[in-house]
Amino acid sequence: MKKIEINKFFENFPIEPESQLALLQKYHEKYPASHFVTFFYLKMLQEKSPKVYEAVKSKLLLSILNRSEFHNCKLEYFTANETEEDKIDEIAFLAAQLQQNIPKIKFDPSKHNADINLAEFGEIEDIEFISETLAMVYADQGYSGKAIQMIKKLIVHYPEKNTYFAALIEKVKNSVSNNNLEDSNY
C-alpha cells in the first residue's frame with residue numbers, strides 16, 4: 001500500500017483531525033472539479049467519516065482519474081504527538097543508512113564487447129528545415145528546384161493552404177522562365 005504524506009501538499013495543514021477534514025471539505029466546495037482536492041477529501045472521509053464517505057463516494061469517485069491508486073494508498077499526516085522534527089530525524093536516519101551501504105555499479109566484462117562501436121547503431125536524424133521564407137530565399141538565389149521541393153513539402157504539412165502554395169510554385173516557375181528569357185537576350 002502506497003503512503004502519501006498530505007502535509008507535503010497543503011501548507012499549514014492542521015494537526016486536529018476535525019480541522020483537517022473541515023479544511024479539505026472547504027477546498028472541495030471551492031474547487032469541485034479539482035481531481036487533487038477530491039482525492040484527498042474522499043480519502044480523508046474514508047478514514048475519518050466512513051458513513052459520509054459511503055453516501056458521497058459513488059458521485060465523487062467518478063471525478064478521480066486513477067481510482068486504483070485511490071484504493072491502494074493510505075494518507076499519512078502529522079498528529080499531535082508527531083512533529084516536523086521527528087520527520088527530519090527519520091530522514092537523517094535513512095540518509096545515514098544509505099551512506100553506510102552505498103550502491104555500486106558493477107562492471108561485467110562478459111556483457112561488454114570493446115570491438116563494437118555502439119554509436120554507429122544510434123539513430124541519426126536528418127533534420128531539414130522547411131519554411132516558406134527559406135523557399136523564397138532559394139528561389140531568389142536561383143535554386144528554383146530546391147524552392148519548389150520545399151514548397152511541395154509545405155503542402156504536405158499544411159494541406160489547408162495547398163492552393164496558396166500551388167500559386168507560389170507557379171510564381172517560382174514563372175520567375176525561372178522570365179530569367180531564362182532575360183539571359184537569352186544578352
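In the predicted model, tyrosine 143 is partly exposed, with a relative accessible area of 45%, and this residue takes part in two of the side-chain arrangements described here. With tyrosine 138 it forms an aromatic pair of edge-to-face geometry, in which the ring centres are 6.4 Å apart and the planes are inclined at 85 degrees. Lysine 146, in turn, lies over the face of tyrosine 143, at 5.6 Å from the ring centre. The count of aromatic pairs comes to 2; besides the pair of tyrosine 138 and tyrosine 143, tyrosine 164 and phenylalanine 165 form a tilted pair, with 5.5 Å from centre to centre and 55 degrees between the planes. The two partners of the tilted pair differ in their exposure, since tyrosine 164 is partly exposed at a relative accessible area of 38%, whereas phenylalanine 165 is buried at 2%.

The protein contains 8 helices and 2 strands, which follow one another along the sequence in the pattern β-α-α-α-α-β-α-α-α-α. Of its 186 residues, 23% are buried. Among contacts between residues at least 6 apart in sequence, 53% join residues that are at least 24 apart.

Helix 2, which spans residues 35-48 and comprises 14 residues, reaches 20 Å from its first C-alpha to its last, close to the 20 Å expected at 1.5 Å a residue. Within this helix, the buried residues are Val37, Thr38, Phe39, Phe40, Tyr41, Leu42, Lys43, Met44 and Leu45. Threonine 38, located in helix 2, counts as buried because its relative accessibility is 0%. When residues up to four places away in sequence are not counted, threonine 38 touches His28, Pro32, Leu60, Ser63 and Ile64.

The largest nonpolar core has 15 residues, of which Leu42 and Phe70 touch the most other members. Two or more residues of this core are given by each of helix 1 (17-30), helix 2, helix 3 and strand 2 (73-76), and the largest share, 6 residues, comes from helix 2. Leucine 42, with neighbours within four places in sequence left aside, is in contact with Tyr53, Val56, Lys57, Leu60, Leu61, Ile64 and Phe70. Another core, of 11 residues, lies apart from the largest one and includes Ala139, Met150, Leu154 and Phe165. In soluble globular proteins, nonpolar side chains tend to be buried together.

Lysine 57, one of the residues in contact with leucine 42, also engages in a salt bridge with glutamate 54, the side chains meeting at 3.2 Å from N to O. A search of the whole structure finds 1 salt bridge. Side chains of opposite charge can pair when their charged atoms come close. Lysine 57 and glutamate 54 are separated by about one helical turn, because they stand 3 residues apart in helix 3 (residues 50-60). An α-helix has 3.6 residues a turn, so residues three or four places apart point the same way. Both partners of the salt bridge are partly exposed, lysine 57 with a relative accessible area of 29% and glutamate 54 with a relative accessibility of 49%.

Conventions
Residues are numbered from 1 along each chain as its sequence is written. This is a predicted model: local features need pLDDT of at least 70, side-chain atom pairs count only at pLDDT 80 or more; totals for chains, interfaces and linings use all residues. Side-chain values use heavy atoms; hydrogens and water are left out. Helices (H or I, at least four residues) and strands (E, at least two) are DSSP runs, numbered from the N terminus. The expected span of a helix is 1.5 Å times one less than its number of residues. Buried means under 20% relative accessible area, exposed over 50%, partly exposed in between (1.4 Å probe, protein chains only). Contact means heavy atoms within 4.5 Å. A salt bridge is a side-chain nitrogen of Lys or Arg within 4 Å of a carboxyl oxygen of Asp or Glu. Rings of Phe, Tyr and Trp (its six-membered ring) pair if their centres lie within 6.5 Å; planes under 30 degrees apart count as stacked, over 60 as edge-to-face and the rest as tilted. A charge sits over a ring if NZ of Lys or CZ of Arg is within 6 Å of the ring centre and within 35 degrees of the ring normal. A nonpolar core is a set of buried Ala, Val, Leu, Ile, Met, Phe, Trp, Tyr and Cys residues joined through side-chain atoms within 4.5 Å.
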